[in-house]
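This report covers the ligand site, one helix pair and some backbone features of the model shown below.

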Amino acid sequence: MTTELKDMGIIDGKETAAQVRSEVAGHVATLKARGIAPSLVVVLVGDDPASQVYVRNKDKAAVGAGFLVETVRLPATTSQSDLMEVVQGLNADPTKHGILIQLPLPKGLEAEPVLRALDPSKDVDGLHPSNVASIWRGGRGLVPCTPAGCIELLDRYGVEIEGKRAVVVGRSQLVGKPLSALLLARNATVTMCHSRTVDLPGVCREADILVAAVGKSELVKRDWVKPGAVVLDVGINRGEDGKLRGDVAFAEVSEVASMITPVPGGIGPMTIAMLLWNTARAAAKSAGIPWDAIASSNAS
Ligand code: NDP
């Protein structure tokens, strides 16, 4: 199946994510053999149905890879100060290695102070200001999961990044900006686009690597894409027919792109896989074990 998809130029995020999860499970086993029980805590405030599904999927994947997993469920009426207190308690607990605050928070609660309050070394979503700064400075902080998943897919599919023209459509803190920084750190020439970009199709046509992270169903059309370009579609949009679609018109763009991620089954599964990766890294770091030592002990 995967070979067939590869021949068609389709980047199989589902299969690659399964590989990453299995590698992480190996790293978790290595850490356990050294007496560390890697753990992830997800803080879920309120009862937003989409968040409940995301948290369930993260929990399931983390348990599957051997992590200890805890979900702290708080009512939507939780005050900002009570939430901060919960975060501080988790920061201080040496048995908790990764902390994830499920966003968005309910109305009345501000995310920014909560993210700032996280211990950066446990911030497995990579959203603390010092982790954000670390990406731009080429440091080794925790990297936001979706951008990390994009880079991992490019690497595992042998896409050269250095020297390439990369165009990222979208400039959010969660995806567009950190992904642009990661591509820049890998020596791509990067253009970041947004809602005020003039001649967006023309700018996209310059890309060797084109990333769409917008949230507008099938915005990117065939004639926006240079023949042979690699296209990563981060967008997740649910149509009125209930189907999920990306930000790229997949059927027509796949005729010109050399490689393309589908939706679903592209970037989405990689996001959770990279969350697990970050959590294993955080656990190793907390025990003072260099990540390279863990990764190389499991290299086949
Ligand atoms: P945001 O809404 O935070 O950002 C969207 C960005 O797209 C903004 O920078 C905005 O520009 C830009 N934009 C909006 N309309 C246009 C347009 N017509 N032309 C060009 N740029 C435009 O979204 P996120 O970054 O959080 O998410 C983007 C998409 O990715 C969503 O569909 C989301 O569901 C999906 N997603 C998927 C994940 C996964 O695991 N696969 C994880 C995270 C997100 P401006 O700044 O000017 O407003």
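## Ligand site and backbone features

The ligand is surrounded by 21 residues, and the closest are Arg171, Ser172, Ser195, Ile236 and Thr271; a residue counts as near when one of its heavy atoms lies within 4 Å of the molecule. This is a predicted model, in which local features need pLDDT of at least 70 and side-chain atom pairs count only at pLDDT 80 or more, while totals for chains, interfaces and linings use all residues. Residues are numbered from 1 along each chain as its sequence is written, and side-chain values use heavy atoms, with hydrogens and water left out.

By class, the shell around the ligand holds 9 nonpolar, 10 polar and 2 charged residues. Here Ala, Val, Leu, Ile, Met, Phe, Trp, Tyr, Cys and Pro are nonpolar, Asp, Glu, Lys and Arg are charged, and the others, Gly among them, are polar. Helix α11 (residues 267-286) gives the most to this shell, with 3 residues. Helices (H or I, at least four residues) and strands (E, at least two) are DSSP runs, numbered from the N terminus.

The table lists polar contacts of the ligand (pairs of N or O atoms within 3.5 Å).

| Ligand atom | Protein partner | Distance |
|---|---|---|
| oxygen | N or O atom in the side chain of serine 195 | 2.5 Å |
| oxygen | N or O atom in the side chain of threonine 271 | 2.8 Å |
| nitrogen | polar backbone atom of valine 234 | 3.4 Å |

Taken alone, the ligand exposes 920 Å², of which the protein buries 70%; areas come from the Shrake-Rupley method with a 1.4 Å probe.

Helix α2 (residues 13-33) packs against helix α7 (residues 145-156) at an angle of about 100°, and their axes are 11 Å apart. Axes are lines fitted to C-alpha atoms over the stretch in contact, with angles running from 0 to 180 degrees between N-to-C directions. The two helices α2 and α7 are therefore roughly perpendicular, a term that covers 65 to 115 degrees. Gly13, Thr16, Gln19, Val20 and Glu23 of α2 meet Glu152, Leu153 and Arg156 of α7, where contact means heavy atoms within 4.5 Å. By class, this contact of α2 with α7 has 2 nonpolar, 3 polar and 3 charged residues.

Most residues other than glycine have a negative phi, and most peptide bonds are trans. Leucine 103 and proline 104 are joined by a cis peptide bond, with omega about 0°; proline 104 lies in the loop between β3 (98-101) and α5 (111-117). A cis peptide bond with omega of about 0° also joins valine 263 and proline 264, and proline 264 is in the loop between β10 (259-260) and α11. Asparagine 187, although not a glycine, has a positive phi of about 70°. The loop that holds asparagine 187 runs between α8 (176-185) and β5 (189-193).

Methods: Angles under 35 degrees count as roughly parallel, over 145 as roughly antiparallel, 65 to 115 as roughly perpendicular and the rest as oblique. A polar contact is a pair of N or O atoms within 3.5 Å; within protein, one must be able to donate a hydrogen and the other to accept it, and residues adjacent in sequence count only if both atoms are side-chain atoms.
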